[in-house]
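These exercises go through one protein structure a piece at a time. Try each task with the structure open before reading its solution.

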Amino acid sequence: MAARRDKLRIAVLLSGRGSNFVALADSCQRGDIFGEIVQVISDQASAAGLTRARERGLSATLVSYASFRQPDGRVDRSAFERAVLNALQDKSAEVVVLAGFMKVLSAEFVAAYAGRMLNIHPSLLPRHKGLDTHARALAAGDAEHGASVHFVTAELDGGPVILQGRLKVRPGDTAEALSARVHGLEHMIYPMVIKWMAAGRLELRGSKVQFDGAPLPSPLQLSAEDE
Ligand code: GRF
């Protein structure tokens, strides 16, 4: 694939503190990633990630999920998603990075960014899809835990995995301790994947991840600790 002449235009969607967004923004700023964050969108007014984006002088947009609530109490999800799409298109975002975005996106929305939307999930997928992954890894007695970066498809936490960061569960680990160590891993593996994306090394073909022009037989792995 030919090298890009312009930086990859990256949008980040988040709902919370935004530590993955910060790791990504730092990598872009250092020039590790040939990309720029052109838009940060949150569905939550209180998201610390929005403030952190504004502090960096980045475009930060609130698309408040709550504001789409109808008189009958239901949220007009398609109107919410249209507003998010508009905010993405406003900045000509090429790639959408979900970084702790706590809303499930519809199949139509996912299709609009097929092969161009990524997520990070705090478990070694396909283990522990969904919430409370650290507590569930402990309850299951897992010897290993970690995080996975994957292409987003219509199946929640089910898209093809590109890279996993692994660590060993230690005796006496709590969910909080695991969460902190997994976050450390996330801040390494997410920027790595976005760097590959910006360098044109990654592609989704059908349901297969292509890396450097060849199908990945299984997700790439990074082990954080030699314990
Ligand atoms: C991370 O644990 C990520 O794996 C999950 O949401 C969390 C976001 O954390 N999808 P932060 O807001 O980036 O600190």
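The model shown is predicted.

**Exercise 1. A loop with two unusual backbone angles**

Task: Find where Asp132 lies, and state the sign of its phi angle. Then find which peptide bond at Pro126 is cis.

Solution.
Step 1. Asp132 belongs to the loop between β5 and α5.
Step 2. The phi of Asp132 is positive, at about 55°, although the residue is not a glycine.
Step 3. Pro126 is also located in the loop between β5 and α5, and α5 covers residues 133-139.
Step 4. The bond leading from Leu125 to Pro126 is cis, and its omega is near 10°.
Step 5. As background for both angles, most residues other than glycine have a negative phi, and most peptide bonds are trans.

**Exercise 2. An open sheet**

Task: Work out the order of the strands in the open sheet, and name its edge strands.

Solution.
Step 1. The sheet has 3 strands, which follow the order β8-β9-β10 with antiparallel pairing.
Step 2. β8 (202-205) and β10 (214-215) are the edge strands, since each is paired on one side only.
Step 3. Between β8 and β9 (residues 208-211) there are 4 bridges, in the antiparallel sense. Glu203 has Gln210 of β9 as its bridge partner, while Arg205 stands opposite Lys208 in β9.
Step 4. β9 and β10 run antiparallel and are joined by 2 bridges. Here Gln210 stands opposite Pro215 in β10.

**Exercise 3. Two hairpins**

Task: For the hairpin of β8 and β9 and the hairpin of β9 and β10, find how many residues separate the strands and which turn residue has a positive phi.

Solution.
Step 1. In the hairpin of β8 and β9, 2 residues separate the strands, and the turn residue Gly206 has a positive phi of about 65°.
Step 2. In the hairpin of β9 and β10 there are 2 residues between the strands, and Asp212 in the turn has a positive phi of about 50°.

**Exercise 4. The ligand and its surroundings**

Task: Which residues surround the ligand, and which elements each supply at least two residues of the shell?

Solution.
Step 1. The ligand is surrounded by Arg17, Gly18, Ser19, Asn20, Gly100, Ile120, His121, Pro122, His183 and Glu186.
Step 2. At least two shell residues come from each of α1 (19-30), β5 (117-121) and α6 (175-198).
Step 3. Sorted by class, the shell contains 2 nonpolar, 6 polar and 2 charged residues.
Step 4. The ligand is located in the largest pocket.

**Exercise 5. Polar contacts of the ligand**

Task: Give the distances from ligand oxygen atoms to Arg17, Gly18 and Glu186, then state what percentage of the ligand's area the protein buries.

Solution.
Step 1. An N or O atom in the Arg17 side chain is 2.9 Å from an oxygen atom of the ligand.
Step 2. For Gly18 a polar backbone atom is involved, at 2.8 Å from a ligand oxygen atom.
Step 3. In Glu186 a polar side-chain atom is 2.8 Å from an oxygen atom of the ligand.
Step 4. The ligand taken alone exposes 370 Å², and the protein buries 86% of that area.

Definitions and conventions
Residues are numbered from 1 along each chain as its sequence is written. This is a predicted model: local features need pLDDT of at least 70, side-chain atom pairs count only at pLDDT 80 or more; totals for chains, interfaces and linings use all residues. Side-chain values use heavy atoms; hydrogens and water are left out. Two strands pair if DSSP finds at least two bridges between them. A residue is near a molecule or strand if one of its heavy atoms lies within 4 Å of it. A polar contact is a pair of N or O atoms within 3.5 Å; within protein, one must be able to donate a hydrogen and the other to accept it, and residues adjacent in sequence count only if both atoms are side-chain atoms. Accessible areas come from the Shrake-Rupley method with a 1.4 Å probe; for residues, only the protein chains shown count as cover. On a 1 Å grid over the protein atoms alone, a cavity is a set of points where a 1.4 Å probe fits but cannot get out, and a pocket is an open set with protein on both sides within 12 Å along at least five of seven lines; lining residues have an atom within 4 Å of a point. A molecule sits in a cavity or pocket if more than half of its atoms lie within 2 Å of its grid points. Ala, Val, Leu, Ile, Met, Phe, Trp, Tyr, Cys and Pro count as nonpolar, Asp, Glu, Lys and Arg as charged, and the others, Gly among them, as polar.
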